[in-house]
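Here's a quick walk through one protein model, going from a helix to the cores and then to a few backbone oddities. Have the sequence and the structure open side by side.

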Amino acid sequence: MNSINTVPTPDNLYWPPRKSITSVQIKHKSVITQWSDNQHSTFHPIWLRDNCCCEKCLNFITREHLLDLRDIPLDIRPESVNIDEQGALVVTWSGDGHISRYNPSWLFAHSTDKNAENSVEKLLWDASDFSEPPSFKTVDGLINEELLYKALQTTLRFGMVRLRGLTTDKSLVEKFALRVGPIRETHFDRIFDVISKANSDTLANTSHYLAAHTDIPTRESPPGIQILHCRIAEAKGGHSTLTDGFKIAKDIEKEFPHHYETLIKTKWCYANRAGPTDYRWEAPTIGLDDQDEPFEVRLLPFSRAPLKARYEDMDDIYAALRCFMEKANSTQYQIKFPFKAGDLIMFDNRRILHGRGEFYPKTGDRALRGTYVERDDMMSKIREYEQKLLKESKE
Ligand SMILES: [Fe+2]
Ligand SMILES: [Zn+2]
């Protein structure tokens, strides 16, 4: 094993040796490293001191800071720097002469002046890219760790995935969800059933068409990932639909900038009005992150509360929402596919809109089971698996 692996890092992760430090110098108060590929990084002294991972500064079990930021002098400077025999950067600090050591692989990965490294890219799509969700066929209905990872990564990239050839067991969807993260409970059932029986007089669930929507925008944070398992699909009709809301957002930004401005600014309220609970939340249809990129879409046409806006703005606001809804349900953007028994679909409920075609309850039974987990549970699971792969590759 490369000795660099023994240089501690502030986390419990394995940082594979990629770059080494060829030279280091102090310039004013900062530390400048030259890497084996001739790149340079400049480190701020407070940042370096803050990330010291000696046993005085870091709890090695919990990996929590022991050093209080307020105890770092604002004028702290590196007194001397060198590279030790293991390749670690060693900094001796002014004042108390404290010594810090940094693992170069960790340091390079965290240097803030390099280009961001290959995180999974979100790929936006429309109906010319897919006719069905990207799918994986299971062997004997088993989902091993590798397949689970691929499915999660696909959900991260395209917002959706389908697993096929699963059993139609009632417990499957919950067991699967729990492998991704804790179930995100809502004011509906923890695991929900969508059932229609061919010979029942009272239909618990209606069979009509459901326009493209996201679930539960009545909440401050709608559920991140929806998982739906088809157990019985004997009734005719009832195709599932999926639409990439982020792709629509980007296209509206280009084609109808005026509508886009309205969609990112105007808050719509979604409310569950049947009681006894009274959840409601107001937010724009397209939510942007701090880079002005979409991080969520919210649209549940059947639970939309009355618009609160000035009379003179209403034409624009309604036109913008209709533009979004028309795209979300159009053949250009929406994919439509049969949901077969033994299929499971998983999608980002804050990016992808889903819906259903009308089906004919008299022609057969239909049973779906679903639940939710959160986006950050999925992210954690993806990172956990990637870390496992990295650790295996070092052995
Ligand atoms: Fe739904
Ligand atoms: Zn320390």
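Helix α4 turns K175, L178 and R179 outward: these three are exposed. The model is a predicted one, by the way. On the other side of α4, which spans residues 172-180, V173, F176, A177 and V180 are buried. Those four sit on the same side of the helix because they cover an arc of only 100° around the axis. And what lies over them? The cover includes α3 (145-158), β11, β19 (344-348), β22 (366-373) and α8 (375-394).

F176 also turns up in the contacts of L344. Setting aside neighbours within four places in sequence, L344 is in contact with R162, L163, L166, F176, I227, L228 and H229.

L344 leads straight to the largest nonpolar core, which has 46 residues. Which residues have the most contacts inside this core? They are M160, I227, F324, A328, L344 and M346. Strand β11 gives the most to the core, with 5 residues. There is also a second, separate core of 13 residues, and V7, I21, V31 and L107 are among its members. As a rule, nonpolar side chains in soluble globular proteins tend to be buried together.

Zooming out, the domain assignment splits the protein into domain 1 (3-115) and domain 2 (135-384). Taken over C-alpha atoms, the centres of domain 1 and domain 2 are 44 Å apart.

Now for the backbone oddities. Two residues have a positive phi although neither is a glycine: H28 and I216.

| Residue | Phi |
|---|---|
| H28 | about 50° |
| I216 | about 55° |

Where do they sit? H28 is in the loop between β1 (21-27) and β2 (30-35), while I216 is in the loop between β10 (210-213) and β11 (225-233). Is H28 buried or exposed? H28 is exposed, because just 8 other C-beta atoms lie within 10 Å, and 12 or fewer is the cut-off for that label. I216 has 23 C-beta neighbours inside 10 Å, so I216 counts as buried; the threshold there is 20 or more.

One more loop is worth a look. A cis peptide bond joins G275 and P276, with omega at about -5°. P276 has its place in the loop between β14 (267-271) and β15 (280-284).

Conventions:
Residues are numbered from 1 along each chain as its sequence is written. Chains are lettered from A and ligands numbered from 1 in the order in which they are written. This is a predicted model: local features need pLDDT of at least 70, side-chain atom pairs count only at pLDDT 80 or more; totals for chains, interfaces and linings use all residues. Helices (H or I, at least four residues) and strands (E, at least two) are DSSP runs, numbered from the N terminus. Domain bounds come from an automatic or database domain assignment. A nonpolar core is a set of buried Ala, Val, Leu, Ile, Met, Phe, Trp, Tyr and Cys residues joined through C-beta atoms within 7 Å. Two residues are in contact if their C-beta atoms, placed from the backbone, lie within 7 Å. The arc is that of the directions from the helix axis to the C-beta atoms.
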